[in-house]
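Let's take a walk through a protein together, one piece at a time. Keep the picture open while you read, and try to find each part as it comes up.

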Amino acid sequence: MGIFNLKSEYEPSGDQPEAIKQLTDGLDRGDRFQTLLGVTGSGKTFTIANAIRHFDKPVLVIAPNKALAAQLYREYKNYFPEHSVNYFVSYYDYYQPEAYMPSSDTYIEKEAMINQEIDRLRHQATSALLTRKDVIVVASVSCIYGLGVPTNYFASAIHLAVGQSITRRDLISQLIKIQFNRTSGVLKRGEFRVRGDVFEIMPASATMSYAIELGPDQIISDIAIVDPVTRTMIDHPKDVALFPPKHFISSAPAIERAVKDIKIELDDRLEYFEKHKLYLEAQRLERRVRYDMEMLKSLGFCHGVENYSRHLSGKLAGEAPDTLLDYFPRDKDGKPDFLLVMDESHIGVPQVRGMYAGDRSRKDTLVKYGWRLPSAMDNRPLQFSEFEQRIGQTLFVSATPGAWEIEHSTTVAEQVIRPTGLIDPPIEVRPVFNKETNRSQIIDVIEELRLIVKKKERALVITLTKKQAEDLHDHFTQEGFKSRYIHSEVKTLERTEILMNFRKGEFDVLIGVNLLREGLDLPEVTLVAILDADREGFLRSETSLIQTMGRAARNVSGTVILYADKITGSMDRAMKIVEKRRKLQAAYNKKHGITPKTIIKTIERMLDFSGAAEE
């Protein structure tokens with residue numbers, strides 16, 4: 001038995017016991033890759049939680065999008081309430097990357113809106129990894145982007161204990177050195193204020209602040225955890241570790257060295273531009289980089305500092321950046337010493353594989369035209385080969401695993417039978433435009449939605465584009481429906497609120513493009529309507545159709561309507577797979593006398609918000 005204590009009112013059933021045995025046997029053997037092939041609603045997360053219970057090392061769970069990551073975070077938090085379960089996704093509510101379009105001579109400056117609540121949760125995750133072992137981090141694929149230098153982050157932490165000798169001046173100096181801001185106003189994350197001999201400090205990872213009191217002999221006499229709203233003292237720990245409020249942390253000597261290296265690279269690049277008579281590019285680059293160097297020397301920071309990460313970290317040209325994966329432990333031989341779970345791996349593996357190339361293409365142009373130094377290309381996501389080197393034992397999880405996962409897995413544990421007895425929903429194909437009735441798919445789906453609303457049930461309507469989702473929402477509203485839409489431009493925390501409110505019945509129809517496919521647990525849904533199902537392609541592939549139709553597989557009344565004028569190859573294959581699974585589950589139910597039951601799941605917030613999240 002491992003370090004994790006699983007809490008659940010359920011015992012493994014159906015195919016779960018055999019799947020758990022196969023996966024845990026593989027972990028004991030040291031198998032590197034295994035796959036759990038489980039249908040929607042078969043309790044894959046519960047199976048993985050049982051495998052985690054068997055493990056005695058930290059766990060990283062990677063999900064293909066932020067909404068699914070939030071759902072998994074809540075599920076693992078409920079399964080392991082005694083342990084540190086964390087959420088780590090991109091902290092941008094809005095992100096426009098720096099870019100240059102030579103054809104129109106248009107430079108687009110980087111614009112970003114950071115969500116402070118998600119930034120807090122990211123710091124909470126890294127702090128936990130460096131202070132304890134029983135840690136689960138649920139992340140999106142953003143975890144393969146550069147994240148400072150873990151050794152610098154850990155080494156910069158300030159450790160304070162009751163009875164420790166430290167002067168008021170030294171503590172102020174140390175806090176400022178690791179980039180805490182001093183304030184005399186309202187205390188925010190990453191800030192501290194001093195009133196006499198009492199320091200009030202709010203770490204980047206916390207919702208509470210610390211009150212550090214120095215006695216007359218410059219010895220810490222008390223440490224208190226303080227509620228920042230009520231100002232009441234909640235606890236009095238004996239010691240505390242304060243990690244830097246930024247993951248990119250550098251010492252003064254490192255910055256001094258980095259500035260020298262940046263200048264050498266700048267001189268080399270200017271020589272190249274002048275040799276090729278690219279005077280505009282040379283002027284543009286020199287102006288920007290010299291300004292950034294001055295900012296680094298005076299403040300230790302500059303706008304776009306991540307573009308100098310190679311110099312600040314002391315890495316070689318082309319060397320892989322440090323990412324969240326490098327905050328996880330390694331064994332005595334330097335090998336990854338944690339368990340990776342890739343949820344909905346048929347999406348996650350291609351995501352990881354493709355991120356480097358897209359980032360490289362954009363930066364190539366910036367470097368070529370003098371907007372950035374070549375070293376900016378080392379601020380990047382991991383290449384797939386680098387990702388493989390940084391992971392150890394891995395469990396792939398999907399109802400439709402890809403060829404790479406199957407090929408590399410020593411074990412493929414199948415979980416086709418649902419403990420609830422639920423059978424995959426029946427599928428009906430209707431024309432996009434019915435000439436006989438003169439009804440389009442929109443008119444037809446509206447009639448279906450009226451029946452759903454009358455029964456106080458929920459429906460998902462799947463479109464091909466974001467614009468179509470938004471327009472359909474407007475149309476449904478005019479028709480008297482309570483509807484919402486969700487797509488990649490909807491803010492992360494807002495997505496989780498939309499999904500929770502949908503389950504609560506505050507609206508009846510949820511419209512989406514591709515975020516309503518993999519893994520989302522919405523047992524109240526009784527209808528999934530897929531518009532333009534015959535548009536062969538990524539969004540209407542065999543895998544996508546199976547995943548989307550599975551959203552109706554958690555309710556005994558679930559049904560699926562595919563709007564199509566012809567049966568595509570993907571539709572045909574998907575429907576045959578679903579029909580095969582229907583027969584298997586029906587036979588199992590008959591043999592064991594099981595009556596299918598709708599999944600009952602508590603409606604709760606997916607994420608733990610602090611007050612700042614609501615602003």
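A quick word before we start: the domain bounds used here come from an automatic or database domain assignment. The model itself is predicted. With that in mind, the protein splits into domain 1 (15-146 + 315-415), domain 2 (158-242) and domain 3 (427-592). If you take the C-alpha centres of domain 2 and domain 3, you'll find them 52 Å apart.

Let's begin with helix 4, which covers residues 116-129. How far apart should the ends of helix 4 be? At 1.5 Å a residue, its 14 residues should span 20 Å, and the end C-alpha atoms are indeed 20 Å apart, so the two values agree. Helix 4 is mostly covered, too, with 12 of its 14 residues buried. Among these buried residues are Ile118, Leu121, Ala125 and Leu129, but also Asp119, Arg122 and His123. And what does the covering? The list includes strand 3 (84-88), strand 7 (111-114), strand 8 (135-139), helix 5 (150-155) and helix 15 (492-504).

Now zoom in on the N-terminal end of helix 4. Asn115 acts as a cap there: one of its side-chain oxygens sits 3.0 Å from the backbone nitrogen of Glu117. Glu117 itself belongs to helix 4. Is Glu117 buried or exposed? Buried means under 20% relative accessible area, and Glu117 has 2% relative accessibility, so it counts as buried. Its side chain also has a partner, because a polar contact of 2.8 Å joins the side chains of Glu117 and Arg120.

Helix 15 was on the list of things covering helix 4, so let's go there next. It has 13 residues and reaches 19 Å from its first C-alpha to its last, close to the 18 Å expected at 1.5 Å a residue. Of those 13 residues, 10 are buried, so helix 15 is largely enclosed by the rest of the structure. The buried ones include Leu493, Ile498, Leu499, Met500 and Phe502, along with Arg495 and Arg503. Right after helix 15 comes Gly505, which has a positive phi, near 90°.On to the strands. Strands of a sheet pair through backbone hydrogen bonds, either parallel or antiparallel. Strand 2 (residues 59-62) is a good place to look, with both faces covered: Val59 and Val61 on one side and Leu60 and Ile62 on the other are all buried. Strand 2 runs parallel to strand 8, and 4 bridges join them. In that pair, Ile62 has Ala139 as its bridge partner. Strand 2 also pairs with strand 17 (residues 339-343), again in the parallel sense and over 4 bridges. Here Val61 stands opposite Val341.

Next, find Phe33 in strand 1 (residues 33-38). Phe33 is buried, with a relative accessible area of 6%. Leaving aside neighbours within four places in sequence, Phe33 touches several residues, including Ile391, Phe396, Trp404 and Thr411. Phe33 and Glu407 are 374 residues apart in sequence, yet their C-alpha atoms are 9.6 Å apart in space. Strand 1 pairs with strand 19 in the parallel sense over 5 bridges, and one bridge matches Gly38 with Gln415. Strand 19 (residues 411-415) has alternating side chains: Thr411, Ala413 and Gln415 point to one face and are buried, while Val412 and Glu414 point to the other and are not.

There's also an open sheet of 6 strands, in the order 10-11-12-13-14-15, with mixed pairing. Its edges are strand 10 (181-182) and strand 15 (233-235), each of which pairs on one side only. Inside this sheet, look for strand 11 (residues 191-195) and strand 12 (residues 198-202), which pair in the antiparallel sense over 5 bridges. Arg195 has Val198 in strand 12 as its bridge partner.

Loops deserve a look as well. Ser541 lies in the one between strand 26 (525-530) and helix 16 (542-549). A polar atom of the Ser541 side chain is 3.2 Å from the backbone oxygen of Phe538. Setting aside neighbours within four places in sequence, Ser541 is in contact with Glu536 and Ser570.

One last stop: the cysteines. A disulfide is a covalent bond between the sulfur atoms of two cysteines. How many disulfides does the structure hold? The count is 0. Cys143 is buried, with a relative accessible area of 1%, and Cys302 is buried with a relative accessible area of 1% as well.

Key: Residues are numbered from 1 along each chain as its sequence is written. This is a predicted model: local features need pLDDT of at least 70, side-chain atom pairs count only at pLDDT 80 or more; totals for chains, interfaces and linings use all residues. Side-chain values use heavy atoms; hydrogens and water are left out. Helices (H or I, at least four residues) and strands (E, at least two) are DSSP runs, numbered from the N terminus. The expected span of a helix is 1.5 Å times one less than its number of residues. Buried means under 20% relative accessible area, exposed over 50%, partly exposed in between (1.4 Å probe, protein chains only). Contact means heavy atoms within 4.5 Å. A polar contact is a pair of N or O atoms within 3.5 Å; within protein, one must be able to donate a hydrogen and the other to accept it, and residues adjacent in sequence count only if both atoms are side-chain atoms. A disulfide is a pair of cysteine sulfur atoms within 2.5 Å. Two strands pair if DSSP finds at least two bridges between them.
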